[in-house]
Amino acid sequence: MFLYLSKLLPLFFYPLGLASVCLVVALVTLRKRPRIATTAIALSLTLLLLCSNAWVSKYLVRSLEWQNLPPAQLPNAEAIVVLGGATKSPSPPRMMADLSEQGDRVIYAAQLYRQNKAPLIVLSGGRIDWRGSGSPESADMANILTSLGIPAEALIQEPDSLNTYQNAVNVKKILENRRIGKVLLVTSALHMPRSLKIFQRQGIDVIPAPTDFLVSEGDLQELGNTPKAAILNLLPDTYNLHLFTYALKEYVGSFIYWLRGWV
């Protein structure tokens with residue numbers, strides 16, 4: 001139930017959901033209380049305009065992604081831990097597991113293994129029922145990695161986790177059973193601050209290895225490199241709204257996890 005509510009309730013506090021609530025309020029109060037309706041419409045418009053411009057969304061993403069910038073040379077470890085959320089399960093017409101938007105996690109893990117950063121890769125991720133059926137994400141990631149030439153014996157699957165806290169708890173058991181100490185944690189840069197705190201709270205010796213950066217130095221420079229660009233980047237855009245929401249989800253998630261004592 002917590003998992004379901006943790007996915008459902010925050011939707012009403014994200015820009016699109018909150019703007020929709022405001023418009024419903026405006027629709028209900030339009031005839032009898034036009035002042036309330038006007039305020040609700042203005043709030044909805046302000047939310048969408050503010051949260052869908054590039055200046056706000058990209059700097060909000062940057063505030064998370066750049067907290068754990070990787071060093072020029074990552075140290076070696078005893079295992080690479082890859083968090084789920086990087087694959088789409090096979091479902092017609094998709095005949096095999098695909099990489100999702102966060103699929104860089106899988107590719108980066110393969111690169112680190114090829115660089116001899118660690119001899120093992122721990123793949124952590126189950127499959128939430130209402131987000132599609134099929135094999136756990138850990139199995140999908142394993143299939144993709146073996147197709148890239150990573151030996152199956154180097155892969156350890158953890159197929160039961162449904163959120164980041166469970167990732168850390170279940171991975172800790174695997175590490176203790178195999179007497180593995182230091183690990184490289186691979187996840188999206190936006191997700192890294194929360195993930196790192198959760199793993200550290202479990203007492204795991206973890207080195208952040210972020211990937212899937214959504215905002216680069218070049219992106220920020222392009223925001224205002226010309227007066228025209230500065231103005232255009234103030235205009236609403238659905239991708240910017242997605243970035244803002246994605247970053248806000250991480251802040252909301254961190255707050256909820258803090259309330260539960262997980263970070």
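Tyr-165 sits in between buried and exposed: at 23% relative accessibility it counts as partly exposed. Keep in mind that this is a predicted model. Its partner Trp-262 is buried, with a relative accessible area of 11%, which puts Trp-262 under the 20% cut-off for burial.

How are the two rings arranged? The ring centres of Tyr-165 and Trp-262 are 4.0 Å apart and the planes meet at 10°, so this pair is stacked. The pairing ties together distant parts of the chain. Tyr-165 belongs to helix α7 (residues 164–177), while Trp-262 is in the segment after α11 (238–259), and 97 residues separate the two.

There's a bit more going on around these rings. A search of the whole structure turns up three aromatic pairs, and ring pairs join Tyr-165 and Trp-262 with Tyr-257 in a cluster. Tyr-257 also has a charged neighbour: Arg-194 lies over the face of its ring, 4.9 Å from the ring centre.

Here are the two stacked residues side by side.

| Residue | Relative accessible area | Class |
|---|---|---|
| Tyr-165 | 23% | partly exposed |
| Trp-262 | 11% | buried |

Now for helix α6. It runs over residues 137–147 and is mostly covered, with eight of its eleven residues buried. Which ones are they? The buried set is Glu-137, Ser-138, Ala-139, Asp-140, Met-141, Ala-142, Ile-144 and Leu-145, so acidic names such as Glu-137 and Asp-140 count as buried under the 20% cut-off too. The cover over these buried residues comes from several elements, including the strands β1 (79–83), β2 (87–88), β3 (98–99), β4 (121–124) and β5 (155–158), along with helix α5 (104–114). After α6 comes Gly-149, which has a positive phi near 100°.

Stepping back to the whole chain, the secondary structure amounts to eleven helices and seven strands. The C-alpha atoms fill a box of roughly 65 × 45 × 40 Å along the principal axes. Of the 263 residues, 46% are buried. Contacts reach across the sequence as well: among those between residues at least 6 apart, 72% join residues at least 24 apart.

As for the outside, the accessible surface comes to about 14,100 Å², and carbon and sulfur atoms account for 60% of it. The chain carries 25 positive and 19 negative side chains, with the centres of the two sets 10 Å apart.

How values were computed
Residues are numbered from 1 along each chain as its sequence is written. This is a predicted model: local features need pLDDT of at least 70, side-chain atom pairs count only at pLDDT 80 or more; totals for chains, interfaces and linings use all residues. Side-chain values use heavy atoms; hydrogens and water are left out. Helices (H or I, at least four residues) and strands (E, at least two) are DSSP runs, numbered from the N terminus. Buried means under 20% relative accessible area, exposed over 50%, partly exposed in between (1.4 Å probe, protein chains only). Contact means heavy atoms within 4.5 Å. Accessible areas come from the Shrake-Rupley method with a 1.4 Å probe; for residues, only the protein chains shown count as cover. Lys and Arg count as positive and Asp and Glu as negative; His and the chain ends are not counted. The place of a charge is taken as NZ of Lys, CZ of Arg, CG of Asp or CD of Glu. Rings of Phe, Tyr and Trp (its six-membered ring) pair if their centres lie within 6.5 Å; planes under 30 degrees apart count as stacked, over 60 as edge-to-face and the rest as tilted. A charge sits over a ring if NZ of Lys or CZ of Arg is within 6 Å of the ring centre and within 35 degrees of the ring normal.
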